[in-house]
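I sat down with this one to look up a few local features, and I am jotting them here as I go. Feel free to follow along in your own viewer.

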Amino acid sequence: MLDQWSDLDLLITAREPLAVAEDVAREIAEHHAPVFAASQSGDANRYTMRLVLSDLRRLDLTFEDATRQGADRTTTPPPSHVRSLIDPLVNDFRFDAVLAACKTARRDVLIGAHLTLGLARHVLVAAMILRDQSMGTTHHRHGDTRYDAWATRLAAAPAPYDPAAITAAIRYYTVALQDLLTEHNLHSDLDNAPLLAFLDAVDDHAFEASNPGTEGTK
């Protein structure tokens, strides 16, 4: 099943996972190839280190506390936990959307664009969580599933690099997230009216700022 895109997955149990992870990374860099890039996550009980070596070999190393008797190594959340993963994501999406609109109203296109592009990431993370739940795994050797259509859909969003395009993109991503959640019977009653009304107010403010003397005529 290996191909040219495969990485090496390795599970290591140790009494001190963090210390062992540092030692292993150092040994790999000294005796195999320098580390080109790395990603670390986890805690003292379960620590993951993903390494890309300078020769582009990739290692996915997981270090677990050996004293955890019968620890459940399943990483895929059961269906009952999906809502607990989605709810904070929806909250973060809304918070970033409002902040992006505020920055745009103040003509801070740089931060407004940055935050708006992050909304697309929130939508894609939600799609990944739902794909994991539907397929029963967090490891997917291949894509090309029906969930990839959400990435294609987001490609049609306005490029958020001026005030009007930023608010348009926020609306687009808001509808996309709502459609994704509704498709999976999550947050079908989510009320985005306050956010959409705020975006209208930001658009009106931008129009009036660009066209002095037109207050109340748009």
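**A strand pair and a long look at a helix**

I began at a facing pair: S41 stands opposite T48 in β3. I kept in mind that this is a predicted model.

Next I checked the strands around that pair. Strand β2 covers residues 35-42 and pairs with β3 in the antiparallel sense, over seven bridges. I noted that β2 and β3 make a hairpin, with three residues between them.

Then I stayed with T48, which belongs to strand β3, residues 46-53. Is T48 buried or exposed? Its relative accessibility is 18%, and because buried means under 20%, T48 counts as buried. I also listed its contacts, leaving aside neighbours within four places in sequence: S39, Q40, S41, D60, L61 and T62.

I moved on to helix α5, residues 163-183. How far apart are its end C-alpha atoms? They are 31 Å apart, and this agrees with the 30 Å that 21 residues should span at 1.5 Å a residue. At the N-terminal end of α5, D162 acts as a cap, with a side-chain oxygen 3.1 Å from the backbone nitrogen of A164. Just after α5, I found N185 with a positive phi of about 60 degrees.

My last stop was D148, in helix α4, residues 148-154. D148 has a relative accessible area of 32%, so I logged D148 as partly exposed. I also looked up its separation from R131: the two are 17 residues apart in sequence, and their C-alpha atoms are 9.7 Å apart in space.

Key:
Residues are numbered from 1 along each chain as its sequence is written. This is a predicted model: local features need pLDDT of at least 70, side-chain atom pairs count only at pLDDT 80 or more; totals for chains, interfaces and linings use all residues. Side-chain values use heavy atoms; hydrogens and water are left out. Helices (H or I, at least four residues) and strands (E, at least two) are DSSP runs, numbered from the N terminus. The expected span of a helix is 1.5 Å times one less than its number of residues. A polar contact is a pair of N or O atoms within 3.5 Å; within protein, one must be able to donate a hydrogen and the other to accept it, and residues adjacent in sequence count only if both atoms are side-chain atoms. Buried means under 20% relative accessible area, exposed over 50%, partly exposed in between (1.4 Å probe, protein chains only). Contact means heavy atoms within 4.5 Å. Two strands pair if DSSP finds at least two bridges between them.
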